[in-house]
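Open the model in your viewer and keep the sequence panel beside it. The tour has two stops: the ligand site, then a sheet.

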Amino acid sequence: MTTIPAPTALTTNRRVNPIGIDSTIPEFGWQSESGQAQSGYEIEVFADNGTAVWLSGFIAGTEPFGVAYRGESLVSRQRYIWRVRVTLEGGEQSVWSRSATFETGILDASEWSALWVTDSDPEPQKTLRSLYFRAETELRGDVRRARAYASALGWYKLFINGTDVTGDALVPRFTPFDDYVEYQAYDVTDLLKSGSNILAAAVGDGRFRGRNGYKSTGVIYGDRLALIVQIHVEFTDGTEAVLSTDRNWVVGGGPILTADPKTGERVDLRISTTDWLQPGGAPINATPVRQLPAHRRVLVAEELERVTLVSTRRGTISRTPSGVQIVDFGQNFSGIARIRLKGYSGQSVRLSYGEVLTPQGEFDEHYLDFPTKTKEWFQRDEVTLPAGSVDYTPWFTFKGFRYLAVQPAEGDVVIEDVQGLVYTSDIAAAAQFETSDPRLNQLWSNIEWSLRSNFLDVPMDCPTRERSGYTGDLQVFGKTAAVMVDSDNYIRRFLRNLEADQYEDGGVPAYAPREWSDFRREREPLRNWGPVTGWGDATTILPMVLHEYYGDIEVLRRQYASARAWVEYLREFAATKKGLVRRFGHRFGVHEKYIVDHGRQVGEWLRPGTNIITESIATMIRPPAEVATAYLAYSAKLLSAMAELIGNGPDVKRFEAIATEVRAAYRAAFVRSSGRRIGADMQDDYVRALAFDLLAPHERAGALGRLVELVQKADYHLGTGFLSTPMLLPVLCDNGRPDIAYRLLMQTTVPSWLAEVDMGATTVWETWEGYKKNGNAFMSHNHYAFGSVASWLVEYVLGIRPLEAGYRRILFAPTPGGGLARAAGSVTTPYGQASSNWSIDDGVVSLNVTVPNGTSAEVRLGDGTAHEVGAGDHQFTWPVNAVLTRV
Ligand code: BGC
């Protein structure tokens, strides 16, 4: 009998050996080492003391992921060990895998005995000072195991006996802080000792008190920074102790005077950064802590990798024509800089971070629209130097930048050393892409950098100006993120935040967290942004993306209520609110109540050449009904599919019926001339109608024809904005025009992807133009929305697509074209890596594909043939086809 190899790559909640999880039904995953598909599995889970808590026996199931724990109730702060063996379709069984572990955090709120502690500043709103907490405490006995659970209102850095426990991470994440804040779990076994121990933490504003959003509003969630730490210690003799924040802690100041994530730190480096951590040390002006007044927020465990330092970059130092010292890191990114400066004691130096230079080569402080209320450049740290050389690395801020300007208030300062520190949520890369055309490779790199820069904490619109979790931006980019990085947990977290911040009537804020709180008491300025279609539809679109790419069914169950509330809200909105056009004139009879033409809609958003001020006014006066109605039809259809997947029969019918009605209303109101005239007759009107399947079969050819005509009229330039750009090239390919898709991709004048590349972009820009006619930069230079073309590069150029949820069946349908001689790359599916690699030589296309274990694939070739294949490597060739020669 042959031995079937053991499964590998075991994960719990899609993470490797996580500690501090608070889900009581963790989900297990693994990868099969055998080509044959899995028909079932057996899992064993043991508590740390060896007691079995789940012996699953054989369970039938083909998916090696999303397997829910069904054993005895899990206990807080316990380490569990598990293993798996699989049965293959042929009936053979593998050997047991190696063991993996997971560890629970604090599962019951009543187990938090630590106090939330703060200071007694009478006017924290005015001083905004950073806090340094400290306690000295005795332990008796040899430590066998110790875990620290910690969090803050603000960002914190925890130290035990002088060791930085938090490291480079920016924690806790930005969540709806009225409802919950995440805590971190740390293994601190080696840091505590018998005798006296020094516990300390510094806290800066973070996303809790720091400035957020387009108005740079600060003090949104509260004015008091606070800390909570609870350390559970087990001694070798079996006894236990708990050390926690209590009234014995003191709080005071330190070198970081104030720290805002956006406007930066004010730091006095003449104050020692380490003395307060030493025996006998203390924060400056230390006083006893005060307990934070009672509040309703709860502590929840982290569900994904932290925001942290992932790589470093060297920069080149030069002087601008006006004499300012500039460091150019050669790449736009999110993070901070570590710098060694030499000046005189008391000299103050301003470090400004920005993405672009002016045409004259100066640091540009004016290219972004809404910086702070004061219109001052906002990405800045200000440090006061001691005598001699000093190293400065900010603790509690991040910036979006390529350039760093170093400006002393007076005199000169020597930059002895400088490094760029790249920050992002540390989630794994999943896709690779490379072609014979270096410009496309640069485009891919730019998209990766924009993804990484903005997947910092919440998925942001940009790392500079707003830094907000815009729902629409992730709606359009979610699929690309799912292809490019391991983003299931990351997007789940976003959806959880969104749901917590969803309005009671089902309306969805333009961004999540919604940057508003009970603490503000005033009325939320953006409350009327409830019905923004294309943005609120993140509720229906993103869970379905996670299902399609990760086979994630659980997220559908979790997000269903939120998605349903959104669709019902929009439907109700259409039925009860009429826009101006319908009030004065047009009537659509039975279709009337399915047209969305009211409310704050932003429409397609940022088509080439858009002036956002006039566009915003126009959409306010006349909300783009074609866009809004299309999204209601699409979301209702998605919701019906979602209901089907989670077994909610009545809703399948209800939302299918709504989708059908809205589709009919859409056609009655916006489709003319057999599909040759839709809405405002812009490219995006046709893209949406085709992509969302809103047309009758006989209208599709007309719509496609008109779309191609519009592209040709624009001399093969795209005319789409945020919402339709991701669908433009797929729609063209799916309807038999890859030649047009490639012409758009390879276009090198504005607006196009390669125009940005040719202009030297290292990230993706917010607008298609990036620069004004006078050469000055304009709007953000790091927005991922237009980078959504990366999923097309993978799914059409390489041709790797899921045919069944989670890539259980995979389609390989590469589309050679665009003059490319070769393209190669891969995606990491939940089953393992799928790759596609093609090249053209002598009029023949050669293709190599790798199909991961446990999956099967259909390979569609350019000669019109299709081939069924199983796991493993496969080669094909075919003559360059007719479509290609037209490109
Ligand atoms: C943001 C966008 C966002 C939009 C919505 C902008 O300021 O940067 O990415 O989706 O506003 O109106």
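Select Trp-535 and the ligand. A polar side-chain atom of Trp-535 sits 3.0 Å from a ligand oxygen atom. Polar contacts here are pairs of N or O atoms within 3.5 Å; within protein, one must be able to donate a hydrogen and the other to accept it, and residues adjacent in sequence count only if both atoms are side-chain atoms.

This is a predicted model: local features need pLDDT of at least 70, side-chain atom pairs count only at pLDDT 80 or more, and totals for chains, interfaces and linings use all residues. Residues are numbered from 1 along each chain as its sequence is written, and side-chain values use heavy atoms, with hydrogens and water left out.

Add Glu-466. One of its polar side-chain atoms lies 2.6 Å from an oxygen atom of the ligand. Now add His-783, where a side-chain N or O atom is 2.9 Å from a ligand oxygen atom. The protein covers 95% of the 310 Å² of accessible area that the ligand has on its own (Shrake-Rupley method, 1.4 Å probe).

Next, select the residues around the ligand (a heavy atom within 4 Å). Among them are Asp-461, Arg-465, Tyr-470 and Phe-722.

Move to the sheet. Four strands form an open, mixed sheet in the order E36-E37-E41-E42. Strands are DSSP E runs of at least two residues, numbered from the N terminus; two pair if DSSP finds at least two bridges between them. E36 (800–802) and E42 (866–869) are the edges, each with a single partner strand, so one side of each has no neighbour in the sheet.

Finish on E41 (residues 856–860), which pairs with E42 in the antiparallel sense over four bridges. Select Arg-860: opposite stands Ala-866 in E42.
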